[in-house]
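Hi there,

Here is the structure I promised to pass on to you. Have a look at it first, and then read my notes below.

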Amino acid sequence: MVSSFFYSQGRVKLAIVGRWIGPEDVVIELTGGDHPHIGAVALAQIRPSLKNPNEASATTSVLTCLGHQEDDLARGIASRIAKRAKMNAVVICGIHLDDISEEEIRDVLTGAALLEEEILQWIEKQKIAVN
């Protein structure tokens, strides 16, 4: 199953695509701007919390392409999806706007957060339908 959601604010145009890999893993692509690309890839593996084994946590690893700055964004999204959805998550992130302004950076972060919530709701609905 695959689903897509979009965000647009001025020059900031983002797309998020979620794709199930089997019944318990998900791959998320967050791209946008003038030159969508692969800037960073994060893998969050679900595990019991070290503080409270009854709670979900995640171990997250990130690969970042040279000169790109999407690593924190990819890491955060992958970790939050893994913990909330209780599944492994891969996030591929690549957003580039030529001569991006501080306001546009804030718009990217706002849009990414909104799209993350939309894809999480989609994941949760799909998990309910499967179970």
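Helices (H or I, at least four residues) and strands (E, at least two) are DSSP runs, numbered from the N terminus. Residues are numbered from 1 along each chain as its sequence is written. Please keep in mind that this is a predicted model, where local features need pLDDT of at least 70, side-chain atom pairs count only at pLDDT 80 or more, and totals for chains, interfaces and linings use all residues, while side-chain values use heavy atoms, with hydrogens and water left out.

Let's start with the largest pocket (on a 1 Å grid over the protein atoms alone, an open set of points where a 1.4 Å probe fits, with protein on both sides within 12 Å along at least five of seven lines; lining residues have an atom within 4 Å of a point). Its lining has 14 residues, and Gln-69, Glu-70, Ile-95, Ile-100 and Ile-105 lie nearest the centre. Helix α2 gives the largest share of this lining, three residues, and α1, β6 and α2 each supply at least two.

Now for the strands, which pair if DSSP finds at least two bridges between them. Strand β4 (residues 40–48) runs antiparallel to β5 (residues 56–64), joined by nine bridges; here Gln-45 stands opposite Thr-59. Five bridges also join β4 to β6 (residues 88–96), again antiparallel, and Ala-42 has Val-91 as its bridge partner in β6.

Finally, try finding Ile-28: its contacts (heavy atoms within 4.5 Å) include Ile-16, Ile-81, Val-91 and Ile-123, not counting residues up to four places away in sequence.

Enjoy exploring!
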